[in-house]
Amino acid sequence: MAQTSKLGRVEAIPMTRRHMSYWDMFATWVGANANNGTWYIGGVIAACGFMTASTTLIISGILAYLLLAAASYMGYKTGLPAMTLTRASFGIRGSWLPSLINLVQFIGWAAVNTFIAAQSMSYLFNDLFGWPVFGHRGGVFGLIVGILIMSVFHLLSVSVGQRSVQLIERVGIVLVFVFVIWETIVVFKTVSFHQILAWRPPHSLAMTPGAAMDVLAAFSLAWVTAGSDFSRFTSRRKNATGAAFWGANLGLLWFAFIGVVATIGTAITRHFDPNNSDPSTIASRLGLGALAMVVIVLTSTTANAVNLMSAGSALTNMTHRLNLKVSLWIVTIVATIVTFVPIIAASFLTVFTAFLDGIGMVLGPEIGVFLVDFFVIKKRQYQLSAFGDPTGPYWYRQGFNWMALGVWFVSVIAYLGLKHVAFIADTVGSTFITILLSMALYYIGMTVIQNQAKANR
């Protein structure tokens with residue numbers, strides 16, 4: 001179904017044109033998380049110690065990817081991309097806000113993965129040409145060349161839209177599994193599991209369980225707002241929901257786990273420094289060689305194919321003159337530019353932490369609103385013909401659902417306030433509590449509006 005209005009073209013993918021199998025969907029979500037960014041996240045939360053980091057990984061993954069499965073069902077049910085679907089909850093014009101958030105966050109994630117992959121390239125250039133490794137004098141040159149090469153890879157990975165992303169994930173998942181098995185064997189040859197269990201971070205660098213939960217939530221919830229971008233290409237519900245849940249969890253648990261273990265392993269033999277938790281530094285210290293760096297670069301490409309696809313979809317929802325392919329090229333170029341920010345601004349860890357804080361603050365309320373709207377308020381029934389209609393039910397007031405926007409604003413303020421409540425911030429974190437708050441507020445607000453409308457009839 002396709003509809004065109006002055007608000008742009010809205011196209012729902014019919015069942016007959018959906019070609020993604022369970023394996024394709026599973027590979028997409030494994031590849032989305034089985035990458036250097038997930039490894040780096042594992043290295044960051046290693047500051048909790050092994051047991052706390054592992055427990056937090058499992059809990060946060062289950063919670064976040066249950067939400068991903070729900071969001072993916074929305075795409076399967078409607079055939080519409082994620083940000084187009086937010087028109088029903090935030091309003092046709094109000095959907096620009098979640099679209100802008102998605103555009104920024106997925107460009108940011110693409111930049112994060114590119115930066116880490118470029119570090120791996122600097123090690124390769126050191127082996128091939130003798131150039132200094134990034135972090136040493138003169139090492140910035142190799143990093144810049146690596147960023148530019150990665151941008152070419154990314155342009156190729158999104159060159160023909162969703163089908164090229166699908167192909168990249170099919171190839172990438174095989175390399176990912178081989179690399180992680182190899183890495184796991186090498187780590188446990190270097191240090192024993194008992195040593196890893198017994199290790200404790202320096203007090204000055206220790207992270208609380210609540211802080212780790214918020215870091216992991218910010219990382220994992222990003223995918224919730226992209227679920228429909230891929231599930232609309234499958235014709236079976238279990239492909240949309242089950243494959244997304246299990247694939248994303250497998251990628252997260254396996255790669256973040258190896259990030260935790262590898263970072264602790266190197267901390268035991270050297271010293272703990274979260275700034276050096278990236279896979280390139282760890283792989284180099286473990287003596288894995290050039291092949292490991294090549295695989296790290298390739299896994300970055302598989303992850304960024306998903307990031308860029310979602311960013312392009314968000315841009316298409318915001319500016320209706322651009323088709324998806326053009327949007328993908330634009331966001332890829334912008335992501336390349338953003339990758340240079342850590343070189344200029346501060347350390348990569350400082351920029352990365354600030355980025356995660358921003359994501360956690362704004363994503364939770366958005367997710368709470370659009371899930372409650374679809375599953376509870378609208379009872380899984382959207383009027384597809386109304387998504388581009390300025391006279392339809394999703395126009396609300398001048399194109400904005402002010403209740404959704406108000407709940408989002410109040411919930412963001414609540415998130416910031418909860419960050420200063422020590423008991424919450426140090427134990428369970430603020431993110432998932434904020435999601436529950438936004439769900440409750442939106443349900444109550446929309447129920448009141450609906451009751452008032454019925455009384456006035």
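Buried means under 20% relative accessible area, exposed over 50%, and partly exposed in between. The exercises below apply this and related rules to a predicted model.

**Exercise 1. Burial of single residues**

Task: Decide whether Phe-387 is buried or exposed, and do likewise for Tyr-382 and Lys-379.

Solution.
1. Phe-387 has a relative accessible area of 0%, so this residue is buried.
2. Tyr-382 is at 10% relative accessibility and therefore also counts as buried.
3. Lys-379 stands at 60% relative accessibility, which means that it counts as exposed.
4. For the protein chain as a whole, 58% of its 457 residues count as buried.

**Exercise 2. An aromatic pair and its cluster**

Task: Classify the aromatic pair that Tyr-382 and Phe-387 form, and state which cluster contains these residues.

Solution.
1. A pair of aromatic rings is described by the distance of the centres and the angle of the planes.
2. The structure holds 24 aromatic pairs. In one of them, Trp-131 and Phe-141 lie 5.0 Å apart, centre to centre, with 65° between the planes, an edge-to-face arrangement.
3. Trp-131 belongs to the loop between helix H6 (96–129) and helix H7 (140–157), and Phe-141 to helix H7, so this pair ties together parts that are 10 residues apart in sequence. Trp-131 is partly exposed, its relative accessible area being 26%.
4. For Tyr-382 and Phe-387, the distance is 5.7 Å centre to centre and the angle between the planes is 70°. Angles over 60 degrees count as edge-to-face, and this pair is accordingly edge-to-face.
5. Both residues belong to one aromatic cluster, together with Tyr-73, Tyr-76, Phe-374, Phe-375 and Tyr-394.

**Exercise 3. Salt bridges**

Task: State how many salt bridges the structure contains, and explain what the pair of Lys-419 and Asp-214 ties together.

Solution.
1. Side chains of opposite charge can pair when their charged atoms come close. The cut-off is 4 Å between a side-chain nitrogen of Lys or Arg and a carboxyl oxygen of Asp or Glu.
2. By this rule, the count is two salt bridges.
3. One of them joins the side chains of Lys-419 and Asp-214, at 3.0 Å from N to O. Lys-419 lies in the loop between helix H18 (402–418) and helix H19 (422–427), while Asp-214 lies in helix H10 (residues 209–224), so the pair connects parts that are 205 residues apart in sequence.
4. Lys-419 counts as partly exposed at 31% relative accessibility, whereas Asp-214 counts as buried at 5%.
5. Asp-373 forms a salt bridge with Lys-378, and their closest N and O atoms are 2.9 Å apart.

**Exercise 4. The surroundings of Asp-373**

Task: Locate Asp-373, list its contacts, and describe the backbone of Lys-379 and Arg-380.

Solution.
1. Asp-373 is placed in helix H17. Its relative accessible area is 0%, so Asp-373 is buried.
2. Beyond its neighbours within four places in sequence, Asp-373 is in contact with Ala-88, Ser-89, Lys-378, Lys-379, Tyr-382, Tyr-396 and Tyr-442.
3. Lys-379 is located in the loop between helix H17 (348–377) and H18. Although Lys-379 is not a glycine, it has a positive phi of about 50°.
4. Arg-380 is found in the loop between H17 and H18. Its phi is likewise positive, near 65°, in a residue other than glycine. At 39% relative accessibility, Arg-380 counts as partly exposed.

**Exercise 5. Helix H1 and the nonpolar core**

Task: Determine how many residues of H1 are buried, and find which residues have the most contacts inside the largest nonpolar core.

Solution.
1. The protein chain has 20 helices and two strands. Helix H1 (residues 22–33) has 12 residues and reaches 17 Å from its first C-alpha to its last, close to the expected 16 Å.
2. Of the 12 residues of H1, 10 are buried, and the helix is mostly covered. Among the buried residues are Phe-26, Trp-29 and Val-30.
3. In soluble globular proteins, nonpolar side chains tend to be buried together.
4. In this model, the largest nonpolar core has 119 residues, and Trp-29, Ile-45, Trp-109 and Leu-221 have the most contacts inside it.
5. Not counting residues up to four places away in sequence, Trp-29 touches several residues, including Leu-68, Trp-223, Phe-230 and Ala-248.
6. Another core, of five residues, lies apart from the largest one and includes Ala-117, Met-121, Met-150 and Val-297.

Conventions
Residues numbered from 1 in each chain as written. Predicted model: local features only at pLDDT ≥ 70, side-chain atom pairs only at ≥ 80, totals over all residues. Heavy atoms only, no water. Helix = DSSP H or I, 4+ residues; strand = E, 2+ residues; numbered from the N terminus. Buried < 20%, exposed > 50% of the residue type's maximum accessible area, 1.4 Å probe, protein only. Phe/Tyr/Trp six-rings, centres within 6.5 Å; stacked < 30°, edge-to-face > 60°. Expected span 1.5 Å × (residues − 1). Core = buried A, V, L, I, M, F, W, Y, C linked by side-chain atoms within 4.5 Å. Contact = heavy atoms within 4.5 Å.
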